[in-house]
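User: Hi! I am new to reading protein models and would love a close look at a single part of this one. Could you pick out a residue and walk me through its surroundings, with the rest of the chain as background?

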Amino acid sequence: MSTSILLPEGYRYVAAALVSAVWLIGWQTTVVYQHRKKSGISYPQLYAEKAEAQASREAHLFNCAQRAHQNTLEHMPIILITTLVSGVKHPVLAASACAFWVFTRVLYTIGYTTGDAAKRNRLGGILGEVPFLGLIFGSTFVVYQLFVGA
């Protein structure tokens, strides 16, 4: 027995945007690894201790890189689900929002890894909240449409 799923025209863009998020995570992992190596913070320690970060700029930068990566991972389930759901009715819009969010996460990471946590948003990272909220509201609307048969 097989089941067919008919995807809307343009859903390939949703797939491409989601795969770009995978590449984002891979890049952030590399950034964290590089800072871990420079700081000398060994596994399985997740972050440099407060005293280590105060004593060493490298340890502080490691914490910044790790936090940027962790924050992205915290957002990822919401981004994945809302992009998939929004893409059912509005694939190009959903893919654009996801791709723009990925781009802003690059800016967020670059800003955060300057060592000045405030720069995570000043360099454009805060713009990621626009597609993030857009995907939440968009997917909610799509679910509504699915229930009312629109």
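Analyst: Here is a walk around Asn71, followed by a look at the chain that holds it and at a patch on the surface. Please keep in mind that this is a predicted model.

Let's start with the place of Asn71. You will find Asn71 in helix H3, which covers residues 57-89. Is Asn71 buried or exposed? Its relative accessible area is 12%. Asn71 counts as buried because 12% falls under the 20% cut-off used for that word.

Now for the company that Asn71 keeps. If we leave aside the neighbours within four places in sequence, Asn71 is in contact with Arg105 and Tyr108. With Arg105 there is something extra to look at: the side chains of Asn71 and Arg105 are joined by a polar contact of 2.5 Å. Try finding both side chains in the 3D view and following the gap from one to the other.

Next, let's step back to the whole chain. It has six helices and zero strands, and helix H3, the home of Asn71, is one element in a sequence pattern that reads α-α-α-α-α-α. Measuring along the principal axes is a handy way to picture the overall outline: the C-alpha trace spans about 60 × 40 × 20 Å. Of the 150 residues in the chain, 39% are buried, and Asn71 is one of the buried residues. Contacts also link distant stretches of the sequence: among those between residues at least 6 apart, 67% join residues at least 24 apart.

Two cysteines are worth a visit too. Cys64 is buried, with a relative accessible area of 4%, and Cys98 is buried as well, at 0%. As a reminder, a disulfide is a covalent bond between the sulfur atoms of two cysteines. How many disulfides does a search of the whole structure find? The search finds zero.

Finally, let's move to the outside. The chain exposes about 8800 Å², and carbon and sulfur atoms supply 68% of that area. One nonpolar surface patch, of about 560 Å², is made by Phe141, Val143, Tyr144, Phe147 and Val148. Phe141 sits in helix H6, residues 129-148. With a relative accessible area of 44%, Phe141 is partly exposed, so Phe141 passes the patch requirement of over 30%.

To recap the contrast, Asn71 is buried, while Phe141 is partly exposed.

How values were computed:
Residues numbered from 1 in each chain as written. Predicted model: local features only at pLDDT ≥ 70, side-chain atom pairs only at ≥ 80, totals over all residues. Heavy atoms only, no water. Patch = residues over 30% accessible without salt bridge, like charges linked within 9 Å, V, L, I, M, F, W, Y side chains within 5 Å. Areas by Shrake-Rupley, 256 points an atom, 1.4 Å probe, with all protein chains shown as cover. Salt bridge = Lys/Arg side-chain N within 4 Å of Asp/Glu carboxyl O. Helix = DSSP H or I, 4+ residues; strand = E, 2+ residues; numbered from the N terminus. Buried < 20%, exposed > 50% of the residue type's maximum accessible area, 1.4 Å probe, protein only. Disulfide = S-S within 2.5 Å. Contact = heavy atoms within 4.5 Å. Polar contact = N/O pair within 3.5 Å; in protein donor to acceptor, adjacent residues only side chain to side chain.
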